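Reader: Could you take me through the cavity in this model, and then through a few of the salt bridges? I'd like the cut-offs as you go.

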Amino acid sequence: MHKRSLCSALAAVFLAPILSTLAFAEQPAPQPDVFPPWQHGSNNDATNRGFEFTVPEVDDLADFHGDITDPKLVLYVGGNYFFAMAPLVAAFEKEYPDYKGRLYWETIPPGLLVKQMEAGGTITSGNMTWTAKPDAYFAGLKKVDALIDQGLLVGPAVPYVTNTLTIMTPKGNPAHVTGLADLGRPDLRLAMPNPEFEGIARQIEASLKKAGGQALADAVYRTKVADGSTILTHIHHRQTPLFLMQGRAEAGVTWQSEAMFQEQAGNPITHIDIPAGQNTTAIYAGAEVNGAAHPEAARLWLSFIHSREALSIFERYGFKAYTGQPESD
């Protein structure tokens, strides 16, 4: 080997670890606030938390709340208002102090909650498996009515608030998204709910068709999925804002309330309003689960959820009280 080549090779061998270390050191430090759970434990009202062990991005069960040892009320709640649950539970416990610290609730997508119900309330997250059978279930009104028809829930459905869609983007909207039509741009990286898991995808597709016809819906949910510029989420209320903050996506359609929460929490998120003519309204509803272990508690929560106090909590995040209008699609 030529002397100069040999020296270059040796230098590469010895300098590589140093350069690698320097490159690693230049990476931004982890930011715990960026990763779920963003509420730093406030969505857990257990009175005895024992040893605290939460390591964001490594060990945190962001959508499972409370103590499963002996709950007096178990709620399965669609995850798109996970942020409202802590104040709702606090208000409920103030009115019914016997339930203080005895609620357990989950906030994963409604379709996944149904899969858990069908599995007898048993779920596995990471290396942990546990069973928590629900007393009441909350999702979109159409979904709740369908589950009543199937016999999984006991009617009648109890509607309580409505919500509309928005386009969530990183703060400053660096990709200059102005509306739904822009989501078909080939260069725009999207995070969008997976229709297989998340009911919101149905409302989003309806709004895309209003804004740009079937061609826009196909561009977002077929063409861009196929070429990788649309990432389909499994749990959009966690993944969409996270992907935006990480730079993996530049926009994503969510419920307006979710964007408002992120902004109120101080995360670098903003949103683009969708005009009423292109938007879609969802009605949130709940019902008692057939065979619930705590049916009286379920009925108390179903009564509480559309009380003036509960509605005032929802209104902080842009929800509107249900007034009997039909769900749009």
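Author: Here is a walk through the cavity, followed by three of the salt bridges. Bear in mind that the model is predicted, so local features need pLDDT of at least 70 and side-chain atom pairs count only at pLDDT 80 or more, while totals for chains, interfaces and linings use all residues. Residues are numbered from 1 along each chain as its sequence is written, and side-chain values use heavy atoms, with hydrogens and water left out.

Let's start with the empty space. A cavity here is a set of points on a 1 Å grid over the protein atoms alone where a 1.4 Å probe fits but cannot get out, and lining residues have an atom within 4 Å of a point. Volume means the space filled by probe spheres set on the points, which are joined across faces, edges and corners. Searching the whole structure turns up one cavity of 30 Å³ or more, and its volume is about 30 Å³. Around it sit Phe 82, Phe 83, Met 168, His 237, Pro 241, Glu 258, Phe 261 and Gln 262. Two or more lining residues come from each of helix H2 (82-95), helix H6 (236-246) and helix H7 (256-264), with H7 giving the largest share, three residues. (Helices are DSSP runs of H or I, at least four residues, and strands are runs of E, at least two, numbered from the N terminus.) By class, the lining has five nonpolar, two polar and one charged residues; Ala, Val, Leu, Ile, Met, Phe, Trp, Tyr, Cys and Pro count as nonpolar, Asp, Glu, Lys and Arg as charged, and the others, Gly among them, as polar.

Now the salt bridges, meaning a side-chain nitrogen of Lys or Arg within 4 Å of a carboxyl oxygen of Asp or Glu. The structure has eight. One of them joins Glu 93 to Lys 100, with the closest N and O atoms 3.7 Å apart. Glu 93 is buried, at 5% relative accessible area (buried is under 20%, exposed over 50%, partly exposed in between, with a 1.4 Å probe and protein chains only).

Another pairs Arg 222 with Asp 218, again 3.7 Å from N to O. These two are four residues apart in helix H5 (residues 200-227), so about one helical turn separates them. Arg 222 is exposed at 58%, whereas Asp 218 is partly exposed at 23%.

Then there's Arg 299 with Glu 288, whose closest N and O atoms are 3.1 Å apart. Because Arg 299 lies in helix H8 (residues 295-304) and Glu 288 in strand S12 (residues 281-289), this pair ties together parts 11 residues apart in sequence. Arg 299 is partly exposed at 48%, while Glu 288 is buried at 13%.

How values were computed
On a 1 Å grid over the protein atoms alone, a cavity is a set of points where a 1.4 Å probe fits but cannot get out, and a pocket is an open set with protein on both sides within 12 Å along at least five of seven lines; lining residues have an atom within 4 Å of a point.
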